[in-house]
Amino acid sequence: MMMLAITMPAISYLQVALASLALLLVMAISVWLKLGIVKSLLIASFRTVVQLSLIGLVLAWIFAREQWYEVLAILTFMSIIASIAAKNRVKKPYQGLFWDTALAVFVSSWVVAIFGGGWVLLDNAATWFRPQVMIPLLGLILGNSLTAVSLSMNQLVSSFHREQNMINTYLALSATPWETAKPYVIAAIQNGITPTINSMMVVGVVSLPGMMTGQILAGADPHQAVLYQIITLFLIATSSTLGCTIATLLMFRRFFNSQWQFVIPPYAKTSH
């Protein structure tokens with residue numbers, strides 16, 4: 001059975017303007033229920049248009065040049081922003097939190113993205129810097145990794161603060177720091193990767209992921225769109241798990257010193 005290829009027309013500014021009218025419903029609900037989100041919605045919508053328009057211009061320039069150092073620069077910038085976002089989501093910050101989140105985000109995302117882009121998608125590690133592949137791929141991975149990392153770190157730091165007496169009791173009974181902290185570390189990692197696993201459970205049944213939907217709307221073969229989505233979900237799950245593991249282990253080292261004592265690190269200042 002032959003499939004007819006459907007080519008979607010180019011999107012015009014008029015169509016974008018028409019899509020923005022849907023936000024009027026959100027504003028109406030906000031006014032009706034006094035949610036107080038109209039101003040935030042307008043600001044968010046404006047930033048969406050401006051930020052995506054600017055990144056579109058930057059990406060068009062980078063895609064045309066395909067210079068590895070330019071790709072490296074924008075990937076680094078994206079990773080720094082993701083690290084800051086992950087740090088800001090931790091409710092009990094401590095000194096050194098930014099570096100813990102940055103190391104977890106950078107290592108997990110870059111290792112998985114280079115593997116996925118260089119070996120899986122392009123089948124050539126020498127061309128890992130292809131911007132058409134690496135920039136959107138790392139963006140997908142970073143968006144999910146920062147959420148997973150922040151969830152794990154939030155739960156672990158909350159557990160350490162909440163269970164101080166229990167932790168000190170175990171240490172007094174000759175338990176090692178790792179024996180004491182292991183249950184909390186495991187629970188934190190599980191909490192971080194649960195959203196990713198849950199989304200994988202229902203993908204294609206309840207929801208169609210954004211990458212797959214975008215490709216299909218652009219006229220791509222649905223079978224190829226599915227294969228791309230499967231690959232990215234596997235990479236996201238790997239990066240999220242690796243990021244959560246690195247982040248919680250780094251946090252664990254902050255809360256236990258070399259004398260096997262449980263310590264609460266100093267609170268972070270407003271800047272990292």
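A nonpolar patch on the surface of this predicted model is formed by Leu-25, Val-26, Ile-29, Trp-32, Leu-33, Leu-35 and Ile-37, which together offer about 680 Å² of accessible area. Patches consist of residues with over 30% relative accessible area and no salt bridge, like charges being joined within 9 Å and nonpolar side chains (Val, Leu, Ile, Met, Phe, Trp, Tyr) within 5 Å. Accessible areas follow the Shrake-Rupley method with a 1.4 Å probe, and for residues only the protein chains shown count as cover. One of the patch residues, Val-26, belongs to helix α2 (residues 23-33). With a relative accessible area of 32%, Val-26 is partly exposed; buried means under 20%, exposed over 50%, and partly exposed in between (1.4 Å probe, protein chains only).

Residues are numbered from 1 along each chain as its sequence is written. As the model is predicted, local features need pLDDT of at least 70 and side-chain atom pairs count only at pLDDT 80 or more, while totals for chains, interfaces and linings use all residues; side-chain values use heavy atoms, with hydrogens and water left out.

The chain contains 10 helices and 0 strands, where helices (H or I, at least four residues) and strands (E, at least two) are DSSP runs numbered from the N terminus. Of its 272 residues, 32% count as buried.

Helix packing is considered next. Helix α4 (residues 68-88) and helix α6 (residues 131-162) pack at an angle of about 15°, their axes lying 9 Å apart. Axes are lines fitted to C-alpha atoms, for helices over the stretch in contact, and angles run from 0 to 180 degrees between N-to-C directions. The helices α4 and α6 are therefore roughly parallel, whereas α4 and α5 are oblique to each other. Angles under 35 degrees count as roughly parallel, over 145 as roughly antiparallel, 65 to 115 as roughly perpendicular and the rest as oblique. For α4 and α5 the angle is about 135° and the axes are 8 Å apart. The crossing of α4 and α6 is right-handed, and α4 also passes α5 in a right-handed crossing. A crossing is right-handed if the near helix is turned clockwise from the far one by less than a right angle, and left-handed if anticlockwise.

The structure holds 4 salt bridges, each defined by a side-chain nitrogen of Lys or Arg within 4 Å of a carboxyl oxygen of Asp or Glu. Among them are the following pairs.

| Salt bridge | Closest N to O distance |
|---|---|
| Arg-65 and Glu-70 | 2.7 Å |
| Arg-130 and Glu-66 | 3.5 Å |
| Arg-254 and Asp-100 | 3.0 Å |

In the pair of Arg-65 and Glu-70, Arg-65 is partly exposed at 35% relative accessibility, while Glu-70 is buried at 10%.

The side chains of Arg-130 and Glu-66 meet in a salt bridge. This pair links distant parts of the chain, 64 residues apart: Arg-130 lies in the loop between α5 (97-121) and α6, and Glu-66 in the loop between α3 (38-65) and α4. Arg-130 is partly exposed, with a relative accessible area of 31%, and Glu-66 is likewise partly exposed at 31%.

Arg-254 forms a salt bridge with Asp-100. This pair also links distant parts of the chain, with Arg-254 in helix α10 (residues 222-255) and Asp-100 in helix α5, 154 residues apart. Arg-254 is partly exposed at 33% relative accessible area, whereas Asp-100 is buried at 5%.
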